[in-house]
Amino acid sequence: MTLSPSPRDLRVLSLYEGFFAGGARQLHTTVVAGLHAAGRQRHAALSIHAQVRREATVQRMTDDHRYQLLRAAGVPVTTLGRSTDDGLDPRRFTDVELARAAAAVRRADVVMSLKEQPLRLVNQLDGVERPVVACLHRSDPEHQGTALDDLLVAARTGRLAAVVCCAESARDAYRDAGVPASLLRVVPNGINLARFRPVSCARRLALRGAEGIGPEATVVVFAARFDTMKNPGLFVASARHFLEREPAGHVLMCGAGMSEANPDLVAELDLAFGDRPDLLTRVHALGVRGDMELVFATADVVALTSVFGEAAPLCLIEGAMCGAIPVTTPVGDSARIVEGIGFVTGFDPAEIAETWIQAAARRDDLGPALTRVRPRFSHVRMLAGYATLIERAHRGAGHRLARV
């Protein structure tokens with residue numbers, strides 16, 4: 001009789017579509033690195049792509065902060081070597097790619113899929129039976145193209161052992177889309193509170209000075225990729241209203257495509273500020289950053305203007321835990337996240353700008369509330385939730401085999 005591995009010996013393989021900037025990848029990487037470093041499980045990662053082009057930005061796996069975090073934690077990372085620029089059909093894999101993926105899966109006891117997209121690869125691995133845990137971070141399955149079909153196929157064929165949803169809105173949306181409710185579990189997002197925390201006044205002033213921002217400025221940070229879901233046009237329009245009303249206001253934009261190398265962002269800025277280039281001097285397009293904890297530490301407000309798709313936006317949590325007041329549109333679980341520590345707005349740019357000003361004015365008043373909620377957002381709780389689900393998935397697979 002073969003003994004089931006103990007949790008400490010459990011081997012877990014995470015499948016990534018690729019390594020590029022984004023909250024879901026940051027969150028998943030925190031989970032993998034944390035569980036591996038704690039010695040509770042042994043983790044590895046396989047990325048379909050070695051390079052991706054997203055939001056007018058080419059992002060190489062080995063340059064990515066999340067890849068570097070995994071390697072620093074001792075997590076082996078391999079790739080099928082694809083590039084989004086190679087012209088290959090994303091739904092078809094070569095025999096060599098399938099063989100490499102199958103070999104990696106066979107070395108694992110449990111497979112975790114970061115979002116549903118990598119399941120198109122899993123569903124093609126005939127003869128390789130491992131329980132799969134899909135980790136979902138959005139609330140719009142209808143906007144995921146064929147990925148929802150791949151998720152449903154994995155559930156129907158019995159490959160899917162569990163689905164981790166980072167928010168209640170994600171669980172409800174995927175249940176309504178046809179995923180069996182018995183598979184769906186909510187593990188709220190968490191962050192490393194030792195990294196995302198307020199800094200001293202002297203450090204805050206120094207960080208602002210490095211960006212050319214004065215000590216009395218009101219600073220709003222927008223941490224998002226340039227994507228329709230994030231509604232960058234609404235943010236830029238709101239920034240115009242904000243900077244007109246706040247003579248000392250500054251806006252920082254971070255994420256893939258949030259740089260002057262992106263012609264679409266330049267067009268949005270020209271549209272909003274074409275008649276007021278003086279205001280545009282207080283808009284800082286910083287692009288992809290690996291030190292978001294420092295960017296958030298300079299801010300008074302962390303803003304989100306998304307119109308759909310969000311589940312539990314990591315930027316709101318990270319920004320708030322660094323001392324910035326979160327202001328968000330009503331998407332996903334955002335209202336739950338900011339309850340008691342921030343503000344929810346509609347989609348009117350003038351209303352959003354006014355709320356930023358009010359939020360910044362109440363930053364000191366809301367400081368104690370931000371301190372009180374810190375334990376709720378600890379990644380320690382999140383890691384425990386993921387570890388338990390992974391172990392249950394493996395035990396469940398063992399029970400199914402025992403009945404055969």
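Two strands count as paired if DSSP finds at least two bridges between them, and strands here are DSSP runs of E with at least two residues, whereas helices are runs of H or I with at least four, both numbered from the N terminus. The model is predicted, so local features need pLDDT of at least 70 and side-chain atom pairs count only at pLDDT 80 or more, while totals for chains, interfaces and linings use all residues. Residues are numbered from 1 along each chain as its sequence is written, and side-chain values use heavy atoms, with hydrogens and water left out.

**Exercise 1. Work out which strands pair with β6, and which residues stand opposite V133.**

Solution. Begin with strand β5 (residues 110-114), which runs parallel to β6 and is joined to it by four bridges; within this pairing, M112 is the residue opposite V133. Next, turn to strand β7 (residues 160-165), which pairs with β6 in the parallel sense over five bridges, and where A162 is the bridge partner of V133. Finally, follow the chain from β6 through helix α5 (residues 147-156) to β7, a β-α-β unit that is right-handed, meaning that, with the strands pointing away from the viewer, the path from the first strand over the helix to the second runs clockwise.

**Exercise 2. Decide whether strand β6 is enclosed or open, and examine both of its faces.**

Solution. Take buried to mean under 20% relative accessible area, exposed over 50%, and partly exposed in between, with a 1.4 Å probe and protein chains only. Because five of the five residues of β6 (residues 132-136) are buried, the strand is largely enclosed by the rest of the structure. Taken face by face, V132, A134 and L136 are buried on one side, and V133 and C135 are buried on the other.

**Exercise 3. Describe the surroundings of S14.**

Solution. First locate S14 in strand β1 (residues 11-16), where its relative accessible area of 0% makes it buried. Then list its contacts, defined by heavy atoms within 4.5 Å: leaving aside residues up to four places away in sequence, S14 touches H28, V32, A44, A45, L46 and M112. With H28, the side chain of S14 makes a polar contact of 2.8 Å, that is, a pair of N or O atoms within 3.5 Å in which, within protein, one must be able to donate a hydrogen and the other to accept it, residues adjacent in sequence counting only if both atoms are side-chain atoms. Lastly, S14 and S113 are 99 residues apart in sequence, yet 5.7 Å apart in space, C-alpha to C-alpha.
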